[in-house]
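Dear colleague,

Please find the structure below, passed on to you for your records. A summary of the findings follows it.

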Amino acid sequence: MKRVDETLKSELGRQGIFTTTLQDLYNWGRTSSLWPLNFGLACCAIEMIATTMARYDLARFGAEVFRPSPRQADLMIVAGTVTKKMAPQVVRLYNQMPEPKYVISMGACAISGGPFKQGYNVLKGIDRYIPVDVYIPGCPPRPEALIEAFMALQKRIDAQQLTGTNRPRHLNADEPSEFAVPQFGAHDLQPAKNPAVWNAPLVQISQTGNDGSGKN
Amino acid sequence: MSTAAFPAAVLPTQQIGSEPTSGPSTEQLLELSMGPQHPSTHGVFRMNVVLDGERVVRLKPVFGYLHRNHEKIAESETYLGSMPYTDRLDYICPLTNNWAYALAVEKLAGIQVPERAEYLRVIVGELTRLQNHACLVGFLMQDMGCSGTPLMYAFRQREMVLDLFEALTGARMMCNYMRFGGCRVDLPAGWLDQTKKVLQQFPRFLDEFERLLIGNEILMGRTQGIGVLSKELAVSAGISGPMARASGVDYDIRKVDRYGIYDRFAFRVPLGSHGDVYDRLMIRVLEMRESLGILDQAMRDLPAGPIVDPKTKIRGFRPKPGEAYGRIEAPKGELGFYLISDGSPNPYRYRVRPPSLINLTVLEDLCLGHNVADIVIILGSVDIVLGEVDR
């Protein structure tokens, strides 16, 4: 896509003629009105609510409209511990959201299980079932951290293109729009992860061995 | 559908326990699942409601969506290692959770707490109560459809208190402040002056709140006579805290047990007479005023001295075999920790008595016969936090 020359654009702008590209307009629309799903899981949800209140004022980022229905939301903030009993509903809610949709994994629990990781009922990260765009560490993250995540997500959306490899997922016919909802198995959720989304990181062990000198 | 049109057969008392399809009613009943993702269930709580038109015929709470294995993890941790986990029980008021747990361990191991630490505990505990009740009132208004403004007012006050917590403990929410035999850190310079400034603004907030909302005709119409909890049921179901006091049960553990140094403060225990949602709302507002009085007295009398008992052994803490139950008046009710020690570094049994869960047990009795929209405010007035209900 050929972009308008920036100097010409500003010159035209001074004369009252505003030019833009469809891509810029599309990204601008999506970036500046991210509507999150009104959905709190645990402690982080209180900080999420605090972020929307007057002091931190998430409305500055066009994201204060928390929708209770997933059908009207663009962004899911997974705020809190996802237990194995709750994980199927979280995935189902994500599937019900219309594209384009994004996920912020807020807090240690949503990232990895956090302090409750050793618990038998705690999912070790929501990214095992749904793709996550931004992770915020913290227990709970401060409201500033959530705002930072919003800005990171907005930058990410702004850089997306209508065509090419960096296009949003829903414009790519090969990408899935729905993700398998885990079922309650005999001992654990079935499947324990969605391999299309998440795989255990492979640890490369050097054959030569590490002699402790810092050089492999 | 008007309420007068119901045949006697579908009155709530006769419908309880029967299947919705096989009931004696010829009316069609509707089963509605509210939650776990619902904007007004205060977290991941689910209610299976059977409705006859708009009226609630049966209500079955479903919880466990936030079961984080708190008790089991605590049994594999050292005693002190569980202290940060208690923050995450009732995550709106972490400091009172710390206090209840510290009290139980101190009882178990026979640890004395220095006087200054007791005063600090009272100060942070009452500040916690202030911000919890302010939040509750805001959330309850939000549940009634008064969207935004009251909650913003409440959170404005809460942020001020959280700033104090952050200056003192280093964290806004997960404070991890209490230690066995005292507190972790002493007050930073200027903290008391800042607290006094915050507390001076609080009565103004309460006055404003009362002027705007409490006498509001719509609010009174919405809350009075809704979700009535009788005194007898409150006692027999073990309801505690503001919810029991709204039904007229004179039971405040600060007065009954006089744990810590609560016998040194003059304060009144507000009691309701109707036990409806309005009384539960007003009890919170009145308790905030009493807490302000306690805070004034505690800050006036705060003595100098150590903040932790120097004889307490921190490393290799192994209480003698035995058991102890420590309880405090948390903002939501009686919060107790029951511990059994077998002499090892971690507790043999660790049990939490969560006020939210026990106050929630009467939810069906409160909701029967009311409209769907009333469930939301009844649940809001019970004041639950799912971290504590499911643990």
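Subject of the findings: strands of chain A and a helix of chain B

In this predicted model, strand β2(A) is joined to strand β3 (residues 134-136) of chain A by three bridges, and the two run parallel. Within this pairing, Ile104(A) stands opposite Val134(A) of β3(A). The connection between the two strands involves helix α5 (residues 107-112) of chain A: β2(A), this helix and β3(A) make a right-handed β-α-β unit.

Strand β2(A) also pairs with strand β1 (residues 75-79) of chain A, through five bridges and again in parallel. Here Ser105(A) of β2(A) has Val78(A) opposite. A right-handed β-α-β unit is made by β1(A), helix α4 (residues 87-96) of chain A and β2(A).

How far is β2(A) covered? The strand spans residues 102-106, and five of its five residues are buried. Tyr102(A), Ile104(A) and Met106(A) lie on one side, with Val103(A) and Ser105(A) on the other, so that both faces are covered.

In chain B, I would draw your attention to helix α7 (residues 191-214). Its 24 residues reach 32 Å from the first C-alpha to the last, close to the 34 Å expected at 1.5 Å a residue. Among the buried residues of α7(B) are Trp191(B), Thr195(B), Val198(B), Phe202(B), Phe205(B) and Phe209(B). The buried residues of this helix pack against four helices of chain B, namely α5 (115-143), α6 (149-169), α8 (217-223) and α12 (277-301).

Yours sincerely

Terms used. Residues are numbered from 1 along each chain as its sequence is written. Chains are lettered from A and ligands numbered from 1 in the order in which they are written. This is a predicted model: local features need pLDDT of at least 70, side-chain atom pairs count only at pLDDT 80 or more; totals for chains, interfaces and linings use all residues. Side-chain values use heavy atoms; hydrogens and water are left out. Buried means under 20% relative accessible area, exposed over 50%, partly exposed in between (1.4 Å probe, protein chains only). Two strands pair if DSSP finds at least two bridges between them. A crossover is right-handed if, with the strands pointing away from the viewer, the path from the first strand over the helix to the second runs clockwise. The expected span of a helix is 1.5 Å times one less than its number of residues. Contact means heavy atoms within 4.5 Å.
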